[in-house]
Amino acid sequence: MADLTTLIAKAIKEADNSWFNEDYTKQALAVLNVLRAEGWDLCPKEPPPALINFAVDNLPFGRMKPEDLLGEMYKIMINNARKFAE
């Protein structure tokens, strides 16, 4: 996986190469898109209560090793964090 600083710099450079009236929203979207394409996402540091409730309702059932359960929980919460952002 590429270094985040390099990915962000490349996305900004490619998003808008005009000399004047830079479109910072376009640049920000380019950064988010390249990070997501590389397997990264942004989410709140603290999960909103609705996200916690969603994760509880969608936990896999059955016997799982603790590391498998935590991996599944992580994926559920990260993949749904933006849906429940306040």
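**Figure 1. The structure holds 3 salt bridges, a salt bridge being a side-chain nitrogen of Lys or Arg within 4 Å of a carboxyl oxygen of Asp or Glu.** The model is predicted, and local features need pLDDT of at least 70, side-chain atom pairs count only at pLDDT 80 or more, and totals for chains, interfaces and linings use all residues. Residues are numbered from 1 along each chain as its sequence is written, and side-chain values use heavy atoms, with hydrogens and water left out. Side chains of opposite charge can pair when their charged atoms come close.

**Figure 2. Close-up of Asp-41, which pairs with Arg-36 and with Arg-82.** In the salt bridge between Arg-36 and Asp-41, the closest N and O atoms are 3.2 Å apart. Arg-36 counts as partly exposed at 31% relative accessibility, and Asp-41 also counts as partly exposed, at 29%; here buried means under 20% relative accessible area, exposed over 50%, and partly exposed in between (1.4 Å probe, protein chains only). In the salt bridge between Asp-41 and Arg-82, the closest N and O atoms are 2.8 Å apart. This pair links distant parts of the chain, since Asp-41 sits in the loop between H2 and helix H3 (49–57) while Arg-82 belongs to the segment after H4, 41 residues apart. Helices (H or I, at least four residues) and strands (E, at least two) are DSSP runs, numbered from the N terminus.

**Figure 3. Close-up of the salt bridge between Lys-75 and Glu-72 in helix H4.** The side chains of these two residues meet with an N to O distance of 3.1 Å. Lys-75 and Glu-72 are separated by about one helical turn, because they are 3 residues apart in helix H4. Lys-75 is partly exposed, with a relative accessible area of 44%, and Glu-72 counts as partly exposed at 29% relative accessibility. Elsewhere, salt bridges that share partners join Arg-36, Asp-41 and Arg-82 into one network.

**Figure 4. Close-up of the surroundings of Asn-80, a residue of helix H4.** Is Asn-80 buried or exposed? Asn-80 counts as buried, because its relative accessibility is 9%. A polar atom of the Asn-80 side chain lies 2.7 Å from the backbone oxygen of Ile-76, and a polar contact of 2.7 Å joins the side chains of Asn-80 and Lys-83. A polar contact is a pair of N or O atoms within 3.5 Å; within protein, one must be able to donate a hydrogen and the other to accept it, and residues adjacent in sequence count only if both atoms are side-chain atoms. Not counting residues up to four places away in sequence, Asn-80 touches Leu-51 and Phe-54, where contact means heavy atoms within 4.5 Å.

**Figure 5. Close-up of Met-77, which lies in helix H4 (residues 66–80).** Leaving aside neighbours within four places in sequence, Met-77 is in contact with Pro-47, Leu-51, Ile-52 and Ala-55. Met-77 and Glu-46 are 31 residues apart in sequence, and their C-alpha atoms are 11 Å apart in space.

**Figure 6. Close-up of Gln-27 in helix H2 (residues 24–37).** Gln-27 is buried, with a relative accessible area of 10%. Once neighbours within four places in sequence are set aside, the contacts of Gln-27 are Ile-12, Ala-15, Asp-16 and Glu-22.

**Figure 7. Close-up of a nonpolar surface patch of about 290 Å² made by Leu-4, Ile-8, Ile-12 and Trp-40.** Patches are made of residues with over 30% relative accessible area and no salt bridge, like charges being joined within 9 Å and nonpolar side chains (Val, Leu, Ile, Met, Phe, Trp, Tyr) within 5 Å. Accessible areas come from the Shrake-Rupley method with a 1.4 Å probe, and for residues only the protein chains shown count as cover. Leu-4 lies in helix H1 (residues 4–15) and is partly exposed, with a relative accessible area of 30%.

**Figure 8. The protein chain around these views has 4 helices and 0 strands.** The radius of gyration of the protein chain is 17 Å, well over the 12 Å that the globule rule gives for 86 residues, so the chain is more spread out than a compact globule. This radius is taken over C-alpha atoms, and the globule rule is 2.2 Å times the number of residues to the power 0.38. Along the principal axes, the C-alpha atoms fill a box of roughly 60 × 30 × 15 Å. Of the 86 residues, 15% count as buried, and the chain exposes about 7,000 Å², of which carbon and sulfur atoms supply 59%.
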